[in-house]
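Biologist: I'd like to zoom in on one residue and its surroundings. Could you walk me through it in one go?

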Amino acid sequence: MHVKKGDNIIVQSGKDKGKKAKILRAFPSDGRVLVEGVNVKKKHQRPRSEGKKGEVISIPTPIAVDAVLLFCTACNKGVRTKNVMVGDKKMRACVSCGAHFA
């Protein structure tokens with residue numbers, strides 16, 4: 001998987017195309033990621049206790065990892081990444097400009 005939790009991404013396809021957001025959770029076995037403010041669904045929730053009202057809540061649902069690209073602040077666009085060795089650590093780097101990602 002080319003992205004992980006906490007990465008800033010840009011959505012490449014779907015109804016939220018072009019949105020920049022942060023990854024909240026990754027599901028590598030399913031090939032999906034949970035992104036804040038993207039693919040938000042409405043859910044009708046029953047009242048939990050007597051005297052309370054039911055409500056409609058908005059929850060983000062996972063999207064395919066193929067639909068997102070890592071956002072490079074140096075290039076100011078979504079980019080592909082490559083793995084490079086920095087000292088004795090393997091890091092991701094932007095293919096276009098070579099900037100490193102944590």
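**A close look at R92**

Modeller: Let's begin with a side-chain pair: R92 and D7 make a polar contact through their side chains, at 2.9 Å. Keep in mind that this is a predicted model. The side chain of R92 has another partner to look at, since one of its polar atoms sits 3.1 Å from the backbone oxygen of H2.

How buried or exposed is R92? Its relative accessibility is 13%, and because the cut-off for buried is under 20%, R92 counts as buried. If you skip the neighbours within four places in sequence, the residues in contact with R92 are H2, V3, K4, D7, L70, T81, K82, N83, A99, H100, F101 and A102. So H2 and D7, the two polar partners, turn up in that list as well.Now for where R92 sits in the fold. It belongs to strand β10, which covers residues 89-94. That strand is part of an open sheet of three strands, ordered β9-β10-β11 and paired in the antiparallel sense. β9 (81-86) and β11 are the edge strands, each pairing on one side only.

Take the β11 side of β10 to begin with. The two strands pair over two bridges, antiparallel, and R92 stands opposite F101 in β11. F101 is also among the contacts of R92.

On the other side, β9 and β10 pair over six bridges, again in the antiparallel sense. Here T81 stands opposite C94 in β10, and T81 is another of the residues that R92 is in contact with. β9 and β10 form a hairpin with two residues between them. In that turn, G87 has a positive phi of about 70°.

Two of the contacts of R92, L70 and F101, lead us on to the largest pocket. Its volume is about 210 Å³. Of the 13 residues lining this pocket, those closest to its centre are N8, L70, F71, T73 and F101. Which strands each supply at least two residues of the lining? They are β7 (68-72) and β11 (100-101), with β7 giving the largest share, three residues. Sorted by class, the lining has seven nonpolar, four polar and two charged residues.

To put the picture together: R92 is a buried residue in β10, with its side chain in polar contact with that of D7, and its contacts include L70 and F101, which are among the residues closest to the centre of the largest pocket.

Definitions and conventions:
Residues are numbered from 1 along each chain as its sequence is written. This is a predicted model: local features need pLDDT of at least 70, side-chain atom pairs count only at pLDDT 80 or more; totals for chains, interfaces and linings use all residues. Side-chain values use heavy atoms; hydrogens and water are left out. Helices (H or I, at least four residues) and strands (E, at least two) are DSSP runs, numbered from the N terminus. Buried means under 20% relative accessible area, exposed over 50%, partly exposed in between (1.4 Å probe, protein chains only). A polar contact is a pair of N or O atoms within 3.5 Å; within protein, one must be able to donate a hydrogen and the other to accept it, and residues adjacent in sequence count only if both atoms are side-chain atoms. Contact means heavy atoms within 4.5 Å. On a 1 Å grid over the protein atoms alone, a cavity is a set of points where a 1.4 Å probe fits but cannot get out, and a pocket is an open set with protein on both sides within 12 Å along at least five of seven lines; lining residues have an atom within 4 Å of a point. Grid points are joined across faces, edges and corners, and a volume is the space filled by probe spheres set on the points. Ala, Val, Leu, Ile, Met, Phe, Trp, Tyr, Cys and Pro count as nonpolar, Asp, Glu, Lys and Arg as charged, and the others, Gly among them, as polar. Two strands pair if DSSP finds at least two bridges between them.
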